[in-house]
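Biologist: I'm new to this one and a bit lost. Could you pick a single part and take me through it slowly?

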Amino acid sequence: MIDFEIPEKIAGIRNVIETVAVNMMRPVSRYYDEHEHEIPWDYINFMHTASKAMGGSSMAGGEPKKEGPRFTFQRLAVMVEMLSWGDAGMYLCTPGGMLGSAAVSATGTPEQKERFLARFRGEKPVFDAMCMTEPHCGSDTAAIRTTAMLDKETNEWVLNGEKIFVTAGHKALIDSEGFIVVWATIDPSAGRAGMRPFVIEAGTPGCQVTNMEHKLGIRASDTVSIVLQDCRVPFENILGSPEVVTEKATTGFKGAMATFDATRPLVAAQAIGLARATLELLKEMLAERGVTIRYGLPRQKLTAIEKDVIDMEVMLRSAWWLVLKAVWMMDNGKPNSLESSMAKVRAGDVVNRITQKAVEIMGPLGYSREYLLEKWFRDAKISDIYEGTGQINRLVVARQLLGYRSSELR
Amino acid sequence: MYSFEPSDEQRLLIETARRYALDELRKVAHEAEESKEFPLPVINKGWELGILHASIPEAYGGFGERSALSGALAAEEFAYGDLAGALAIGTPSLFAFPILLAGSEQQKQQYLPAVITGEWKPYTAALIEPAFDFDPNDLKTVAQADGGDYVITGEKTFVPFAAQAEEMLVFAKLGDQTKGFILPKGAPGLTVGAEREKWMGLNALPFYTVKLEQVRVPQANLLPGDFAPILDASRVAVAAMAVGVARAAFEYSRDYAKEREVFGVKVAQKQAIAFMLAEMATEIEAIRLLVWEAAWAIDNQKEDAGQTAYLALTGAIDMAMMVTDRAVQILGGHGYIRDHPVELWMRNGRGFAMFTGLAMV
């Protein structure tokens with residue numbers, strides 16, 4: 001039964017998050033944009049306490065297992081959308097489970113999930129991160145060179161390599177007792193078949209944060225490089241059942257892709273929140289200057305600005321439903337890689353078109369750092385880049401539509 | 001609670017409509033367009049599926065309750081088969097829905113059973129006017145109260161089956177509102193164009209101009225209700241059809257691209273083409289969801305249903321043009337040849353910007 005009504009429980013959480021966004025994010029948005037690498041602890045501590053009170057509501061918190069429909073990812077998408085409406089950079093500082101946890105959730109055993117995710121329910125806020133990209137390869141994930149070799153004597157994995165563009169890596173390893181999930185190869189000659197995810201906990205010798213990037217936007221969030229030099233982790237830190245070690249199949253690579261099926265719609269939700277913030281502020285600024293949008297008129301009677309705003313609204317609304325459909329499928333156990341990538345493609349496009357247009361429409365006011373439009377323009381761009389660029393996601397969509405393997409459509 | 005899955009009943013409706021669309025409409029589409037004649041038996045088969053009947057309560061001869069969502073799902077499928085066919089089957093809806101939505105009890109009893117009993121009959125409606133800035137909420141056709149009657153003057157275009165129609169609805173401006181008036185065939189002052197109108201697409205259907213010179217109608221022929229729900233019903237229907245046409249164009253060009261060889265591979269294996277297809281499918285799906293939302297909002301009497309319907313159609317117009325244009329592009333020179341259906345879909349695709357009033361759900 002087709003239904004566009006937000007479930008009551010999710011609506012309640014959305015209201016709570018809106019209060020947080022209005023009161024704890026917007027007032028300091030500009031500050032953290034201009035003080036890169038400062039950590040918004042007030043927001044973080046509040047979110048940690050609040051999320052504990054709500055029984056954990058991140059990727060790591062999970063939902064108490066019960067009969068009936070599941071809402072985990074729908075709820076997450078709605079939360080991410082609202083937090084990003086508040087501030088996309090600060091949202092990325094939310095403790096309690098982000099992409100690393102997503103990888104653990106998608107690929108770990110029940111024991112591993114408990115072992116690695118329990119920390120998020122502790123006294124202090126904890127962060128995690130996922131490490132995929134390397135200096136020589138980004139979208140081409142199967143080309144990673146970071147190695148994991150098994151030391152049979154100690155039954156430990158020894159990791160070596162360099163990871164870059166790790167979102168929240170500093171907070172995961174240095175500012176909290178968190179962990180990172182590192183994708184490495186156990187057989188460099190095997191390509192995708194050699195890829196496996198490993199958990200490295202904060203404080204592990206041989207794992208070092210070496211660089212913090214200076215970025216176009218989302219400056220409240222740290223993006224780091226991590227070097228692994230003979231970094232040893234216990235055998236059990238390889239995610240998945242022990243057989244994953246010996247399997248020749250592309251289980252590991254598939255695990256990465258399964259992680260993306262879950263995380264791409266959430267990155268898309270981030271884009272949508274930012275786009276909605278922009279459109280709302282744009283309409284507000286226009287209204288203050290006597291311009292209201294006359295919905296319902298034929299195109300021929302609309303002003304150029306009205307046409308732009310109405311088009312933005314169409315883009316935003318339709319893209320949001322793509323996102324919700326993708327997470328709804330996730331919650332209902334339906335394979336969603338097509339929808340997940342579609343949502344990411346569309347949301348990534350939409351947020352950039354909306355923020356770019358908004359700055360253009362408001363002219364010098366749009367370009368001014370007195371207002372947030374220019375910040376959101378900068379924040380937006382990342383949505384079309386990380387968690388799979390727009391181009392990679394088009395490739396994923398096209399392969400599915402055409403029934404092609406990666407060798408058939410490169 | 002969010003759900004993006006049609007009910008079992010709706011799924012059955014979609015399947016039935018799709019089978020008819022592919023087995024009947026798609027098969028006659030080309031010939032109908034070229035010969036400028038849509039075969040009546042095919043229209044009747046579509047009519048017999050009872051989409052309109054399912055929207056009319058038993059009291060007026062139907063067997064159901066109106067659901068804009070179910071209507072939109074069926075409209076998409078029909079248009080996926082052929083747009084001219086979809087519009088033809090739905091022409092009596094242009095007369096029936098406004099009466100259902102804005103008519104008096106007496107009007108419903110008098111007209112609805114006649115429309116839906118028996119075979120398909122060309123009841124129709126005249127909304128569109130020959131002006132570049134045609135605005136359904138600000139019509140140039142005017143009705144004025146005169147004694148107990150109304151006197152209507154103005155000009156309409158794009159009126160399907162006007163010459164054959166038993167009765168016709170005419171929309172005119174009364175005060176500052178758009179109102180519907182029921183006009184019997186041959187009302188004095190009502191002139192249907194002598195020849196069919198010539199359009200870029202939809203040549204299979206007979207469209208006419210309708211001229212109204214001081215046409216006098218009794219008070220009883222005025223639909224008392226508001227125009228807004230009628231407009232919403234049409235915007236959603238037209239938008240759903242745009243999705244159907246776009247889907248047809250997408251699938252055809254996708255299949256073509258998987259067959260056509262270029263530089264030793266299939267042309268679909270080139271990212272330039274594959275990415276176009278990915279964007280087409282993404283856009284279709286996004287707009288389809290917005291159209292569903294609009295239809296759902298109508299069915300659930302949401303306050304912003306009208307605005308959502310407007311946004312859905314706005315998006316559908318651009319999406320249909322983009323997708324049908326690319327479908328032709330993907331077929332290259334072959335897309336430009338009338339042996340392939342994509343050029344017809346491209347002509348139809350452009351039309352959605354002016355089709356408000358030609359379909360209702």
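**Where chain A meets chain B**

Modeller: Let's start with charges: eight salt bridges turn up across the interface of chain A and chain B, each being a side-chain nitrogen of Lys or Arg within 4 Å of a carboxyl oxygen of Asp or Glu. Bear in mind that this is a predicted model, where local features need pLDDT of at least 70, side-chain atom pairs count only at pLDDT 80 or more, and totals for chains, interfaces and linings use all residues. Side-chain values use heavy atoms, without hydrogens and water, residues are numbered from 1 along each chain as its sequence is written, and chains are lettered from A and ligands numbered from 1 in the order in which they are written.

If you'd like a salt bridge to look at, try A:R394 and B:E279, whose side chains meet at 2.6 Å, N to O. The interface also has 24 residue pairs in polar contact, both partners at pLDDT 80 or more. That term means a pair of N or O atoms within 3.5 Å; within protein, one must be able to donate a hydrogen and the other to accept it, and residues adjacent in sequence count only if both atoms are side-chain atoms.

Which helices of chain A each bring at least two residues to the side touching chain B? They are helix 9 (304–331), helix 10 (337–362) and helix 13 (390–402), helices here being DSSP runs (H or I, at least four residues) numbered from the N terminus. Helix 9 of chain A gives the most, eleven residues. Sorted by class, this side of chain A has 25 nonpolar, five polar and 13 charged residues. Ala, Val, Leu, Ile, Met, Phe, Trp, Tyr, Cys and Pro are the nonpolar ones, Asp, Glu, Lys and Arg the charged ones, and the others, Gly among them, are polar.

Now for the extent of it. In contact (heavy atoms within 4.5 Å) are 43 residues of chain A and 50 residues of chain B. About 4600 Å² is buried between the two chains, with 64% of it on carbon and sulfur atoms; buried area is the accessible area (1.4 Å probe) that two parts lose on being put together, summed over both. Within chain A, the residues that lose the most area to chain B are A:I2, A:F4 and A:L402, together 16% of what that side buries.

Back to helix 10 of chain A for a moment: A:E360 and A:K357 both sit in it, three residues apart, about one turn of the helix. Their side chains form a salt bridge too (3.1 Å, N to O). Over all chains, the whole structure has 51 salt bridges.

For a bit of context inside chain A, an automatic or database domain assignment divides it into domain 1 (8–95), domain 2 (120–237) and domain 3 (253–402). Domains 1 and 3 of chain A bury about 2100 Å² between them, 59% of it from carbon and sulfur atoms. On the domain 1 side, A:R30, A:F73 and A:E81 supply 29% of the area buried against domain 3, more than any other three residues. Five salt bridges link domain 1 and domain 3 of chain A, and there's another pair of side chains to view in A:K375 and A:D87, a salt bridge at 2.9 Å, N to O.
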